[in-house]
Amino acid sequence: MNFVRHGIIIPVARFATLCEIKSAAALLLGNSAVEARRPVFRGFKEAAVVSNHQRGINMSKSTLESAKKIAAYKAVDEYVKDNSVIGIGSGSTIVYAVQRLAERVKEEKLNVVCVPTSFQARQLIINNHLSLGDLETHPQLDFAIDGADEVDCDLNLIKGGGGCLLQEKIVASCTDTLVIIADYTKNSQKLGEQYKKGLPLEVVPMAYVPIRRKVEEDFGGSVKLRMAVAKAGPVVTDNGNFILDWQFPDNVKDWPAVNQKLLSIPGLVETGLFVNMAKKVFFGMPDGSIKEQV
């Protein structure tokens, strides 16, 4: 490879080092031009930093997904028996539970009926070729398996991050055994410690403004109407309602009392508070172990 400057050929060896090439370029273009190009070389280092950061994010996501999977598999293996009627919850962790359930049904020839808590759950049941049921024909369930956005030390739950809280609570109320599966990030001493998006409240659309004002006046904190991502306007639930997210104050402690008072507000259909409902929680931990809470 050669550089030409003012008709003078400046030879550069085929296997020249980067410094030698830069020196030749300096003769050809002048030092200022080479200096101007130095950020290009610094960019390689910056790109490496970004790449390492992205790799860390990917590893974290992989750990979370593994934690969800082991919790789901453990719960299904422990609770699913032949001739069971099972409530199927909603959310990302439930995907692994249905996957494991389908494996066991196929391998062990189990007879199970699955009652969904949402459109998503219904599609999971159908797509995995499981028997689909409903509460009309199966009003009493052997157990229900569901996820949670947060679980405190008293087994109080926040649910409804995916907007399915009403049907999830109806299905959960039809069994004495609500089993929760979650990854380690959902494990808290008190509600609001980990989950920062607030407590979901499903409300009749015409009442969302007075309910928002009532909650803020009676309990404090702030309430926002949940807006949709892939459509203009608010989120609309499977039941045609809106969702308010209540950022509650840190000093809230008596969740059963709060839940009852919230439910007394006209137009407030259901809360994302699940109190005195969970029988057992399986947390998948980052080291591959499972933490059980009862």
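**Exercise 1.** Which residues does Leu101 touch, not counting residues up to four places away in sequence?

*Solution.* Keep in mind that you're looking at a predicted model. Start at Leu101 and skip its sequence neighbours up to four places away; the residues it touches are then Val76, Val80, Ile86, Ile88, Val112, Cys114 and Leu130. Now zoom out: Leu101 is one of the 28 residues in the largest nonpolar core. Together with Ile88, Ile145 and Ile181, Leu101 touches the most other members of that core.

**Exercise 2.** Find which elements give two or more residues to this largest core, and which one gives the most.

*Solution.* Go along the chain and pick out the helices: helix 3 (38-79), helix 4 (92-108) and helix 5 (119-127) each give two or more residues. Then do the strands: strand 3 (84-88), strand 4 (112-116), strand 6 (143-146) and strand 9 (178-183) do so too. The top contributor is helix 4, with seven residues. Apart from this core there's another one, of 24 residues, including Tyr195, Leu262, Ile265 and Val275.

**Exercise 3.** Work out the strand order of the open three-stranded sheet and name its edges.

*Solution.* Read the order as 7-8-14, with antiparallel pairing. Next, look for strands that pair on one side only: these are strand 7 (150-151) and strand 14 (273-274), the edge strands. Now check one pairing in detail. Strand 7 and strand 8 (residues 157-158) run antiparallel and are linked by two bridges. In one of the pairs, Val151 has Leu157 of strand 8 as its bridge partner.

**Exercise 4.** Describe how strand 15 and strand 16 are connected.

*Solution.* First locate them: strand 15 covers residues 278-284 and strand 16 covers residues 290-293. They pair in the antiparallel sense, with four bridges. For a sample position, take Val281, which sits opposite Gln293 in strand 16. Then look at the link: the two strands make a hairpin with five residues between them. In that turn, Gly288 has a positive phi of about 95 degrees.

**Exercise 5.** Is Ser92 buried, partly exposed or exposed, and why?

*Solution.* Place Ser92 first: you'll find it in helix 4. Its relative accessible area is 41%. Buried means under 20% and exposed means over 50%, so with 41% Ser92 counts as partly exposed. Who's around it? The side chains of Ser92 and Lys68 are joined by a polar contact of 2.9 Å. Glu65 is 27 residues away from Ser92 in sequence, while their C-alpha atoms are 9.0 Å apart in space.

Technical notes:
Residues are numbered from 1 along each chain as its sequence is written. This is a predicted model: local features need pLDDT of at least 70, side-chain atom pairs count only at pLDDT 80 or more; totals for chains, interfaces and linings use all residues. Side-chain values use heavy atoms; hydrogens and water are left out. A nonpolar core is a set of buried Ala, Val, Leu, Ile, Met, Phe, Trp, Tyr and Cys residues joined through side-chain atoms within 4.5 Å. Buried means under 20% relative accessible area, exposed over 50%, partly exposed in between (1.4 Å probe, protein chains only). Contact means heavy atoms within 4.5 Å. Two strands pair if DSSP finds at least two bridges between them. A polar contact is a pair of N or O atoms within 3.5 Å; within protein, one must be able to donate a hydrogen and the other to accept it, and residues adjacent in sequence count only if both atoms are side-chain atoms.
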